[in-house]
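Let's take a walk through this fold, strand by strand. Keep the viewer open and follow along.

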Amino acid sequence: MWDGHTALEHKVVKGPETRDGFSFCLTHASLSDNRKFFVFHIASDKPLSEFARKWLSLMGLQNFNACPYLEQRPCFWKAIEVPSLLGDPWAHFQQVDFVHRAFDQLRQNFSKALSELEEASQVLADVGLSL
């Protein structure tokens, strides 16, 4: 299974940037089987709660112990595959634009969203429900 960090070619597209206690980096990876990915990397300045880790897992983010893009700190990452776009020269630009906008929104809203999800988890726990 691919770890999101090791690739035939891996380059930084945006970041790393720190905001509200989290660091973010967007990279582009090319694997040996010709698949290509944009990879979102997120690291916290402090240890994450159990609730935060569960929410990140539910969102499909995977853990990596020493992220080379975020000062060798543990990170959570998610990859978006770049499909083969033969025949439509504009589709690639649309996808790149989408990924850049998604990364910008992630940086701006991640801390607040994670905090609100943790609050929701606590409310659920208070009534006997859990993730």
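Start with two neighbours: strand β1 (residues 9-19) runs antiparallel to β2, and the two are paired over 8 bridges. Keep in mind as you look that this is a predicted model. To get the register, find V12 and look across to T27 in β2, which stands opposite. Another handy marker is E9, whose bridge partner in β2 is S30. The hairpin that β1 and β2 make has 2 residues between the strands, and D20 takes a positive phi there, near 55 degrees.

Now cross to the other side of β2. Here β2 meets β3, again in the antiparallel sense, this time over 9 bridges. For the register on this side, use C25, whose bridge partner in β3 is H41. This pair also forms a hairpin, with 5 residues between the strands, and N34 in the turn has a positive phi of about 75 degrees.

Zoom out and the whole sheet comes into view: 5 strands in the order β1-β2-β3-β5-β4, forming an open sheet with antiparallel pairing. At the edges sit β1 and β4 (62-64), each of which pairs on one side only. Ignoring direction, neighbouring strands of this sheet are turned by 25 degrees against each other on average. Helix α2 (residues 91-126) packs on the sheet and touches β1, β2, β3 and β5 (75-82). Compare directions and α2 makes about 155 degrees with β2.

So what about the side chains of β2? In a regular strand, side chains alternate between the two faces of the sheet. In β2, F22, F24, L26, H28 and S30 point one way, while S23, C25, T27 and A29 point the other way. Are these two sets buried or exposed? All of them are buried, on both sides. Counted over the strand (residues 22-30), that is 9 of 9 residues buried, so β2 is mostly covered.

One last stop: S44, which lies in strand β3 (residues 36-44). Why does S44 count as buried? Its relative accessibility is 15%, and the cut-off for buried is under 20%. The S44 side chain also reaches the backbone oxygen of K46, at 2.6 Å. Leaving out residues up to four places away in sequence, S44 touches G21, F22 and R73. One of those contacts, F22, takes you straight back to β2, where F22 is among the buried residues that point one way from the strand.

Conventions
Residues are numbered from 1 along each chain as its sequence is written. This is a predicted model: local features need pLDDT of at least 70, side-chain atom pairs count only at pLDDT 80 or more; totals for chains, interfaces and linings use all residues. Side-chain values use heavy atoms; hydrogens and water are left out. Helices (H or I, at least four residues) and strands (E, at least two) are DSSP runs, numbered from the N terminus. Buried means under 20% relative accessible area, exposed over 50%, partly exposed in between (1.4 Å probe, protein chains only). A polar contact is a pair of N or O atoms within 3.5 Å; within protein, one must be able to donate a hydrogen and the other to accept it, and residues adjacent in sequence count only if both atoms are side-chain atoms. Contact means heavy atoms within 4.5 Å. Two strands pair if DSSP finds at least two bridges between them. Axes are lines fitted to C-alpha atoms, for helices over the stretch in contact, and angles run from 0 to 180 degrees between N-to-C directions.
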